[in-house]
Amino acid sequence: MNLDQCTYDYLPGTNIYLYQHPEMFHVNTDTALLGQFMNVRRKDVVMDIGTNNGALLLYAMQQGAKQYIGVEIDPNACELARYNCNELHHLAANFFAQDILTFHHEPVSCIVCNPPFFQRHERNPVNRNEHLSRARHETHLRLDVLIPKISTLLQDRGRLYMIHRSERLIDLAQLCRAHQMEIKKLQFVYDDSKTEATSVLMEAMKQGKPHCRILEPIIIHR
């Protein structure tokens with residue numbers, strides 16, 4: 001990875017900097033919201049699915065955990081994440097340049113994921129940039145495939161932290177319950193220029209009891 005091509009940017013809400021490649025997916029509002037929403041514990045093994053440049057693992061680093069794991073299908077993005085975490089911030093994280101659908105690992109206590117949002121049937125043009133297209137569109141990783149895989153990678157009482165479009169909440173709830181996970185916490189995100197929620201932050205627990213807390217909404221001021 002040639003860092004001369006990268007920008008040196010900070011993670012919103014932190015004093016942490018990282019490198020970002022101009023052709024890859026960049027840290028955005030969703031990244032920051034999820035990074036600040038997740039609750040990492042000292043004894044957690046944290047796995048970031050689709051780690052990209054390692055931003056969510058760096059958010060997790062602020063809270064402290066026992067172990068950090070990043071899984072990323074793009075080897076170049078995986079290399080950048082490894083540099084940002086291991087070299088730049090001396091975080092002893094393990095990275096795997098693999099497709100999550102064929103990835104195997106012993107179950108972990110905490111998974112964080114900012115998945116592709118757009119479904120194939122939607123009229124959102126697929127970006128010609130392969131990195132951005134894979135990050136934004138479910139052409140490779142559909143939600144109904146991702147959630148079952150996450151369930152196999154979570155230990156009992158393990159937690160999933162995810163952000164998704166609010167209109168997909170019913171899909172999320174049905175898939176989680178079908179695969180032994182219960183939603184424990186939801187927080188809706190609103191854009192101050194819109195009347196409906198744009199996205200939702202979710203905490204789900206494998207083998208958790210049915211009990212969901214709805215937190216105070218977040219309003220994004222543009």
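**Figure 1. Burial and overall make-up of the protein chain in the predicted model.** Of the 222 residues of the protein chain, 51% count as buried in this predicted model. The secondary structure of the chain comes to 6 helices and 11 strands, and several of these elements are taken up one by one in the views that follow. Among the contacts in the chain with a separation of 6 or more, 67% are made by residues 24 or more positions apart. The chain exposes about 11,200 Å², and carbon and sulfur atoms supply 47% of that area.

**Figure 2. Strand β6 and the strands that pair with it, β3 and β7.** Strand β6 covers residues 108-113, and it is mostly covered, since 6 of its 6 residues are buried. With strand β3, which spans residues 45-49, strand β6 pairs in the parallel sense over 4 bridges, and in this pairing D48 stands opposite V112 of β6. With strand β7, which spans residues 154-165, strand β6 again pairs in the parallel sense, here over 5 bridges. In that second pairing, the residue of β7 that serves as bridge partner of C113 is M162. When following a strand by eye, it helps to recall that in a regular strand the side chains alternate between the two faces of the sheet.

**Figure 3. Helix α1 and its surroundings.** Helix α1 runs over residues 29-37, and because 7 of its 9 residues are buried, this helix is largely enclosed by the rest of the structure. The buried residues are D30, T31, A32, L33, L34, G35 and F37, and they pack against helix α2 (55-63) as well as the strands β6, β7, β8, β9 and β11 (218-220). At the start of α1, a side-chain oxygen of N28 reaches to within 3.1 Å of the backbone nitrogen of D30.

**Figure 4. Helix α5 and the elements that cover its buried residues.** In helix α5, which is made of residues 143-153, the residues L143, L146, I147, K149, I150, S151 and L153 are buried. An α-helix has 3.6 residues a turn, so residues three or four places apart point the same way. What covers the buried residues of α5 includes the strands β3, β6 and β7, the helix α6, and the strands β8 (181-191) and β9 (197-206). A178 is found in helix α6, residues 169-178, and the C-alpha atoms of A178 and I147 are separated by 9.4 Å, although the two residues are 31 residues apart along the chain. A178 itself has a relative accessible area of 56%, and therefore it counts as exposed.

**Figure 5. N53 in the loop between β3 and α2.** Is N53, a residue of the loop between β3 and α2, buried or exposed? N53 has a relative accessible area of 4%, so it counts as buried. Leaving aside residues up to four places away in sequence, N53 touches L18, Y19, Q20, F25, V27, A77, L80, A81 and N84. One of these, Y19, is 34 residues apart from N53 in sequence, while the C-alpha atoms of the two are 7.6 Å apart in space. The side chain of N53 also makes a polar contact with the side chain of Q20, at 3.1 Å, and a polar atom of the N53 side chain lies 3.2 Å from the backbone nitrogen of A55.

**Figure 6. Three salt bridges, formed by D144 with R142, E167 with R165 and R177 with E182.** A search of the whole structure finds 6 salt bridges. Side chains of opposite charge can pair when their charged atoms come close. In the salt bridge where the side chains of D144 and R142 meet, the N to O distance is 2.9 Å; D144 is partly exposed at 40% relative accessibility, and R142 is partly exposed with a relative accessible area of 36%. In the salt bridge of E167 with R165, the closest N and O atoms are 3.2 Å apart; here E167 counts as exposed at 57% relative accessibility, whereas R165 is buried, with a relative accessible area of 14%. In the salt bridge of R177 with E182, the closest N and O atoms are 2.9 Å apart; R177 counts as exposed at 53% relative accessibility, and E182 counts as buried at 13%.

Terms used. Residues numbered from 1 in each chain as written. Predicted model: local features only at pLDDT ≥ 70, side-chain atom pairs only at ≥ 80, totals over all residues. Heavy atoms only, no water. Buried < 20%, exposed > 50% of the residue type's maximum accessible area, 1.4 Å probe, protein only. Helix = DSSP H or I, 4+ residues; strand = E, 2+ residues; numbered from the N terminus. Pairing = 2+ DSSP bridges. Salt bridge = Lys/Arg side-chain N within 4 Å of Asp/Glu carboxyl O. Contact = heavy atoms within 4.5 Å. Polar contact = N/O pair within 3.5 Å; in protein donor to acceptor, adjacent residues only side chain to side chain. Areas by Shrake-Rupley, 256 points an atom, 1.4 Å probe, with all protein chains shown as cover.
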